[in-house]
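Please work through the following exercises with the coordinates at hand. Each task is followed by a solution in steps.

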Amino acid sequence: MSENILTFPRRLPRQQVAPNAVIGVLIFIATEIMMFAGFVSAFTITRAAYNTWPPIGQPRLPAGATLINTSALIASGIMMHFAARAWQRDPALARRPTLIALVLGLFFVCFQGAEWVRLIHEGLTLTSSNHGAFFYLIIGMHGLHASAAILALGIVYLKMAGRGVSEPAFRATRFFWYFVVAVWPVLYLRVYL
Amino acid sequence: MSQPAEEHAHAHDDHGHDHDHGDTGAHGHHEDGFIKKYLWSVDHKMIAKQYLFTGMAMGLIGGFFSYAFRMQMAYPGHNVPGFGVVSPNEYNQLITNHGTIMIFWLAMPVLIAAFGNFLIPLMLGCDDMVFPRINRLSYQIFLLSAIVLIASWFVPGGGFGGAWTAYPPLSAKSQYNLTPLGSTMWVIAVALEFVAFLLGGINFVTTAMNSRAPGMKMFDIPMVVWMIVIASILFMASVGPLVAGAVMLVFDQQLGTGFFDPVRGGDPILWQHLFWFFGHPEVYVVLLPAVGIVAEIITVFSRKKLFAYKTVLYTAFGTAVLSFFVWAHHQFIAGIDPRMANVFTATTVLISIPIAEMMFVYVATLYGGSITLTTPMLWALGFIGEFIIGGVTGIFLGSSGSDIYFHDTYFVLAHFHYTFVPIAVIAVFAATTYWFPKMFGTMMNETLGKIHFWGTVIPFNGIFIPLFITGMGGDHRRIYNYANFPEQWTPHLIQMREFATVSLLVLIAFQGIFFINFFYSMFKGKPAGNNPWNANTLEWQTVSPPPHGNFAELPNCYRGPYEYSVPGREEDFWPQNEVG
Ligand code: HEM
Ligand SMILES: [Cu+2]
């Protein structure tokens, strides 16, 4: 009966849909997408109630300069993709493109920081209007995610240089970076234009 | 992609940390120190118990709060024994924290985190969650969230009193809520709790996808595991917008932004949308695990296959999807476009269909079975009976026409308590009494269990049936003292309020029996053996309580979980892992 259940004639194989880390990160990304959707819809609703946007007396956002920055971020995402392709040939080959992606990402974050300093001088602050409040909230949230992802990429890069990194860990970090890159154009189109 | 089982069992954590099991060598062959065993454990069963006990302790606090404010309802201005005189401000703080605790620190941690942690690896036949350390972190963050919440009651100004729905501007401006610190700590506590459940949810879903026993196909997964997994997905999909709203609320409270301030171009109704976009799915997040628990129990104690397994499963998925399209039924009065109100009326009435269907399925499962009325079975049946009342009254609220009269009255309050009490109390007792033997290796006392059952369920109705009546009589929610409203201070309504409060006192008194039974049985109960209920699911096919690593050898799975009374077999059950 149920007492002798612990012996089996043979072991059936255990099925994995995808590596654990990859599934975990994908679920996390889905949650994050919903959070950004919340921010963007809140912004859209609030903005719809204004006759002019930006509100009177508030500076315009530097849409042109940010376009440069946007292309840096997208280039970084493409680099990550190259890193993935290189990994398939030889994991060691993935190091260089990862580093380039990392540097481009860093450029993006620093550029954003410089822009913020300028905007604050122009009078756009968290409390100057809902324009400022949403700008710093949404773009800041994205910057936070970008910084965290860059940190993760940095760790992965260092591990690649040292002991090596497992494929699922590399893939999971990559996916998170793709997410950071992919939400950006949406935020840019909604918030800057 | 497939991996051999041995490799998998030790390759949980792909992030490349050296893995806890790997460090300690073979399962169960070593003694951990006290701290490692009880406080720093990565074992899913220990984490489940941590969640269970923390949740129960919080539930006691939430129950005590309800005692204090119910006394104030029935005998306004009198000294409440054990609490003192309830001031208006304290009254608001009590109801707010009562609601918050019961939903976020009792229902969620016990139903999803405690039983999810305990059952998922055992029922799937694996040795632990796929990310054991993330699991431990999840509990630690949860504990921190509870501490932050409790601490918020002791800061200057006291705890938050703006209702568990935290509508601005009351929640956003300290000149209105008078709790400059308490309100922010409340938001932070809830946010931390969400992080804990996000980590837990990732674990649950990934484990269910990747670690099932060899041979366990989609439709061989026990219903309760499915339900907890669907609930986790639902939680994670709906919580994002509320987190966004919570960040905005904290900014409004502490940094001086005006997201929800109409004077500065903000929109207070926006919060209600962000809140209820999460809030309504949340009611299904707690409902689905409860429904799953009931499915396990009624099949075992009626010795029958679950009627229409696939239908229940598809219904759960359908309900989960639909629950994203009903939220605005909480705003029929707050001011939404009447055309939208019609749409949301339709979706709301629609969502009661799948729930009703599940109840019919359960009745069909019981029909013709050989029913044994054990304590867990009584709780499961009690769930079905009581929850139906909650569901039926929801229909009146979902119809925007009648809701205009019922909104924010005690009718609404009684409605959702007829849903939440079956979930957070009745189903929790069902699960606790049913899996107690597996958790602690001993049986609970049946006589005490039955006394406790009747002593809980009868007073429960005694509390909330009168509140339907006071609600229809015009009693508004969140009123400190009805003596100030002469038209509500009639002998009939006064009697109803007193009846409800006295019933609550009776209910609380009977909980003592549960705790006596619980702790006595834990230490002195008679040994349970592996499978005291003759159940099929895998958790019953190992020793009680299961050792670290759960199974001496990880089981295979050969059939579905509900093969009871199969013709031609000697025994009326057929464990999932038994060959042939
Ligand atoms: C069977 C289908 C259900 C329907 C049609 C329904 C409908 C409604 C409606 C329309 C309201 C808003 C009433 C008002 O504020 O005027 C409401 C409130 C509420 N319902 Fe339900 N409901 C259902 C199931 C549930 C379930 C399963 C739960 C919990 C597990 C639940 C918990 C609540 C809560 C907590 C509130 C009050 C929120 C507050 O504080 O304002 N409901 N329900
Ligand atoms: Cu609702």
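The exercises below concern a predicted model.

**Exercise 1. Determine which protein atom serves as donor to the iron atom of ligand 1, and locate its residue.**

Step 1. A donor is an N, O or S atom within 2.8 Å of the metal. The protein supplies a single one to the iron atom of ligand 1: NE2 of His415(B), at 2.3 Å.

Step 2. His415(B) belongs to helix α15 of chain B, which spans residues 410-440.

Step 3. A polar side-chain atom of His415(B) is also 2.9 Å from a nitrogen atom of ligand 1.

**Exercise 2. Describe the residues that surround ligand 1.**

Step 1. The shell consists of 25 residues, and the closest are Asp403(B), His407(B), His415(B), Phe416(B) and Arg477(B).

Step 2. Sorted by class, the shell holds 12 nonpolar, 9 polar and 4 charged residues.

Step 3. Two contacts involve oxygen atoms of the ligand. A side-chain N or O atom of His407(B) is 2.6 Å from an oxygen atom of ligand 1, and a polar side-chain atom of Trp164(B) is 3.1 Å from an oxygen atom of ligand 1.

Step 4. Helices α10 (268-302), α13 (375-398) and α15 of chain B each contribute two or more residues to this shell.

**Exercise 3. Identify the donors of the copper ion (ligand 2) and state whether His280(B) and His330(B) are buried or exposed to some degree.**

Step 1. Coordination is by ND1 of His280(B), NE2 of His329(B) and NE2 of His330(B), at 1.8 to 2.0 Å. Along the chain, these donors follow the spacing H-x48-H-H.

Step 2. The site links distant parts of the chain: His280(B) is in helix α10 of chain B, whereas His330(B), 50 residues apart from it, is in the loop between α11 (309-322) and α12 (338-366).

Step 3. The cut-off for a buried residue is under 20% relative accessible area. His280(B) is therefore buried, at 8%, while His330(B), at 22%, is partly exposed.

Step 4. The copper ion (ligand 2) and the iron atom of ligand 1 are 4.7 Å apart.

**Exercise 4. Examine the largest nonpolar core and the surroundings of Met223(B).**

Step 1. The core comprises 245 residues, of which Trp105(B), Met223(B), Met248(B) and Phe383(B) touch the most other members. Helix α5 (residues 88-124) of chain B provides the largest share, 22 residues.

Step 2. With neighbours within four places in sequence set aside, the contacts of Met223(B) include Gly292(B), Ala295(B), Leu306(B), Tyr309(B) and Tyr562(B). Glu296(B), Val312(B) and Leu313(B) are also in contact with Met223(B).

**Exercise 5. Explain why Thr365(B) is classed as buried, and list some of its contacts.**

Step 1. Thr365(B) is found in helix α12 of chain B. Its relative accessible area is 0%, so it counts as buried.

Step 2. Beyond its neighbours within four places in sequence, Thr365(B) is in contact with several residues, among them Ile298(B), Thr299(B), Ser302(B) and Phe307(B).

**Exercise 6. Locate the cis peptide bonds Trp53(A)-Pro54(A) and Pro168(B)-Pro169(B), and the positive phi angles of Asp408(B) and Arg478(B).**

Step 1. The bond joining Trp53(A) and Pro54(A) is cis, with omega about 5°; Pro54(A) is in the loop between α1 (20-48) and α2 (63-89) of chain A.

Step 2. The bond from Pro168(B) to Pro169(B) is cis, with omega near 5°, and Pro169(B) lies in the loop between α6 (132-152) and α7 (174-177) of chain B.

Step 3. Asp408(B), not a glycine, has a positive phi of about 60°. Arg478(B), also a residue other than glycine, has a phi near 55° and is partly exposed at 32% relative accessibility.

Note on methods
Residues are numbered from 1 along each chain as its sequence is written. Chains are lettered from A and ligands numbered from 1 in the order in which they are written. This is a predicted model: local features need pLDDT of at least 70, side-chain atom pairs count only at pLDDT 80 or more; totals for chains, interfaces and linings use all residues. Side-chain values use heavy atoms; hydrogens and water are left out. Donors are N, O and S atoms within 2.8 Å of the metal (3.2 Å for Na, K and Ca); water is not among the atoms, so sites may look incomplete. Helices (H or I, at least four residues) and strands (E, at least two) are DSSP runs, numbered from the N terminus. A nonpolar core is a set of buried Ala, Val, Leu, Ile, Met, Phe, Trp, Tyr and Cys residues joined through side-chain atoms within 4.5 Å. Buried means under 20% relative accessible area, exposed over 50%, partly exposed in between (1.4 Å probe, protein chains only). Contact means heavy atoms within 4.5 Å. A residue is near a molecule or strand if one of its heavy atoms lies within 4 Å of it. A polar contact is a pair of N or O atoms within 3.5 Å; within protein, one must be able to donate a hydrogen and the other to accept it, and residues adjacent in sequence count only if both atoms are side-chain atoms. Ala, Val, Leu, Ile, Met, Phe, Trp, Tyr, Cys and Pro count as nonpolar, Asp, Glu, Lys and Arg as charged, and the others, Gly among them, as polar.
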